[in-house]
Amino acid sequence: MLKLYAMFLTLIFLVELVAAIVGFVFRHEIKNSFKNNYEKALKQYNATRDYRSDAVDKIQNTLRCCGVTDFKDWEDTNYYLEKGFPKSCCKIEDCSPQKDADKVNKEGCFIKVMTIIESEMGIVAGISFGVACFQLIGIFLAYCLSRAITNNQYEIV
């Protein structure tokens, strides 16, 4: 049973290792995918409060940004043609910016999101490394205990 436990721990460790390597190798594709999906969400933005529109509003409210690269990204959307900028782009609360660019945040959200993700990568890597160390210790100790039991070096009390 201990050997089976150690094998499962080894399998989980290898899956985590492969996931980390794939994430590192394809990090640029992940960025491009996020940017493309965010642009698509902007183009399909509407006031009916679907999940994509809610996500765009949440990002823009939280990070105080507007659009993908800047606020001008909204000018290419159907929502802008009908109603102007969304309220989530406002610099201050309780404004209705319509098409007044002076009332909205100028900086784009993609740069801000990527900055936050890159700044938190050290913390994620440190926690991942710590978990991996504990897994390796668990694998090693399980094999040692299994071997000790097999060699009759462990007395049953």
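**Reading an all-helix chain**

Modeller: Read along the sequence, this chain runs α-α-α-α-α. Keep in mind that the model is predicted.

Biologist: Happy to start there. How many helices and strands does the chain have?

Modeller: The secondary structure comes to 5 helices and 0 strands.

Biologist: How should I read the overall shape? What radius of gyration does the chain have, beside that of a compact globule of 157 residues?

Modeller: The chain has 25 Å, whereas a compact globule with 157 residues would be near 15 Å. The spans of the C-alpha trace along its principal axes add to that picture, at about 80 × 25 × 25 Å.

Biologist: And how much of the chain counts as buried?

Modeller: The buried share is 27% of the 157 residues.

Biologist: Next, the core. Which residues touch the most other members of the largest nonpolar core?

Modeller: First the general idea: nonpolar side chains in soluble globular proteins tend to be buried together. Here the largest nonpolar core has 20 residues, and V56, C66, W74 and F85 touch the most other members. Two or more residues each come from α2 (27–43), α3 (51–63), α4 (78–83) and α5 (109–150). The top contributor is α5, with 4 residues.

Biologist: Now a single position. Where is G23, and is G23 buried or partly exposed?

Modeller: G23 lies in helix α1, which covers residues 2–25. Buried would require under 20% relative accessible area. G23 has 29%, so this glycine is partly exposed.

Biologist: How far is G23 from V56?

Modeller: Their C-alpha atoms are separated by 24 Å, with the two positions 33 residues apart along the chain counted as sequence separation.

How values were computed: Residues are numbered from 1 along each chain as its sequence is written. This is a predicted model: local features need pLDDT of at least 70, side-chain atom pairs count only at pLDDT 80 or more; totals for chains, interfaces and linings use all residues. Side-chain values use heavy atoms; hydrogens and water are left out. Buried means under 20% relative accessible area, exposed over 50%, partly exposed in between (1.4 Å probe, protein chains only). A nonpolar core is a set of buried Ala, Val, Leu, Ile, Met, Phe, Trp, Tyr and Cys residues joined through side-chain atoms within 4.5 Å. The radius of gyration is taken over C-alpha atoms; the globule rule is 2.2 Å times the number of residues to the power 0.38.
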